[in-house]
Amino acid sequence: MAEWLQSKIVRLGELNSVEEKKDILSEIRIKLGSLNTRESEQIAQNLNFSQFFTQLTSNDREFVNQLCDILKTLFALLEPGEIYQRYSTEFSQLISHSDAIVRSLVLHEILCIASDPHKVTMLLTDISLLVAVINRIADDNLMVAKCAMCIMKEIGKNASGLQIIYTGELLRSFARFVVKNDTISFRVYEVIADIAKSSKQGLEASAESGFLNSLFNILESDDMLLQVSTLEILTQLALTEEGLSYLEQQEVLRKLVQKIAQANENPLSNLLIPGLMKFFGNVARLWPNEIFSKYPVVVSALFEVIESEDQAILGVALDTLGNVSVTAEGKYALQALGDAMPCALKKIAEIIQKMPAALRIRGLNSLTLILDVQKTEQDNRILSLTKSWFDCLCDEPLAMILGLCRQPFADIRHAGLEVLAVVASQVWGQEYISVFPGFIEFLLDRNIESFKECKEAKYEVIKRLSQAESNIFDAGTMQKLVEFMNRGPHYVEIPTEVATDGGL
């Protein structure tokens, strides 16, 4: 088999007709597909890839694509780094190939090496290759650029890689691209921030390089869109304890809070407020008490946006409130604010009934997070809180949610059913449902739902109700719930027909 394949590869070099070459590639692909894994591995280990690589100079895109598919299959049969060690010179050349699919093929193989902690060191001595990888961060093809970024992120996670990334030619390459244009510079900043959040050493090295300070300085610019991009990158850094501490030391958080406080003074602030909301919302999800106590203006601004019903930024505010509410700690921090949360819940009830569909869905999604409590965390204190919040929505909150679940719009129904699933997982919610006229009948009626997502969401509600305490539902109802659950979400009831004699 190896001899046959090698002869076919040699034949590729002898032919001038691209169509005949494509036929040979088809033969090779079929042949490889007929082999077992062990046979394929032996062929890949003994194959001379040089002649394959030579064929990548073809101007026929379809031929190059076919050849790359075969090479990708063969590369996957080898250990990470094996093909690179044998053909490092060819790799250095192909990484700058004119065709993006070839660049992507080579970079993917390099990424496999960089992602393997036992193999990554073989890349660290090949500085010219790493410089070539950094150059590809500026690639016009986004897939190629992202692969190059991932490689450098992996290199930065390695202690030895960290030592070379911010020195010499690699440092100069990064510095060159940081000032090239906004698109390329933010790709570099994303790599820097990822390295900074990966370890304490990564944060220290990234800070000493000066790149983080350059990123912080963008927050002082007049370009709101650049500031938004900066916030997206900084959010990832702020989600680590050491990263958040560093941002506080550099007074980045204080400056961001100041931007929120002065939002009314800048007519363009609406562009930045959603990014600020996301930033603080994500951070408060992990450290709610710290953010609420140190930066109360952030929390005030969040509730003001919800109260104002400014549709341009309301969606982000709803998402943020949901994010903050995910943990029990976040719920208690919100409870400590007094009337702010009950007022916001009344406003959310209005939003999910009257606003445009997209905002209604985001309001329902936020409400799901606000009310959700994991089974292992349920105790009297947290259940008392979620019950009080649910009761704050309106006079008949369960009727309101049920009404949304009966709407003709699948996306709103689905979001409403997700709220019901959260309610159905808590004792007080099960009690509410048990005494609500027609509620169980609505849930058990399989003919109502035609969309897969809604069927599965309703099934989740019933599954949680079937796990209720034995004293909440009567035996007959519980039997129906369990039977529904056992049959699965997509069960179809087939009408039975009674056969009768047709004679008169």
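Into which domains is the protein chain divided?

## Two domains

The protein chain splits into domain 1 (263-394) and domain 2 (404-489), with bounds that come from an automatic or database domain assignment. This is a predicted model, where local features need pLDDT of at least 70 and side-chain atom pairs count only at pLDDT 80 or more, while totals for chains, interfaces and linings use all residues. Residues are numbered from 1 along each chain as its sequence is written, and side-chain values use heavy atoms, leaving out hydrogens and water.

The C-alpha centres of domain 1 and domain 2 sit 26 Å apart. Domain 1 brings 18 residues to the contact and domain 2 brings 14 residues, contact meaning heavy atoms within 4.5 Å. Together the two domains bury about 1500 Å², 66% of it on carbon and sulfur atoms; that is the accessible area (1.4 Å probe) that two parts lose on being put together, summed over both.

## Salt bridges

Here a salt bridge is a side-chain nitrogen of Lys or Arg within 4 Å of a carboxyl oxygen of Asp or Glu. The structure has 22 salt bridges, yet zero turn up across the interface of domain 1 and domain 2.

One of them joins the side chains of Lys 22 and Glu 62, at 3.0 Å from N to O. Lys 22 belongs to helix H2 (residues 18-33) and Glu 62 to helix H5 (residues 61-76), so this pair ties together distant parts of the chain, 40 residues apart. Helices (H or I, at least four residues) are DSSP runs, numbered from the N terminus.

How values were computed
Helices (H or I, at least four residues) and strands (E, at least two) are DSSP runs, numbered from the N terminus.
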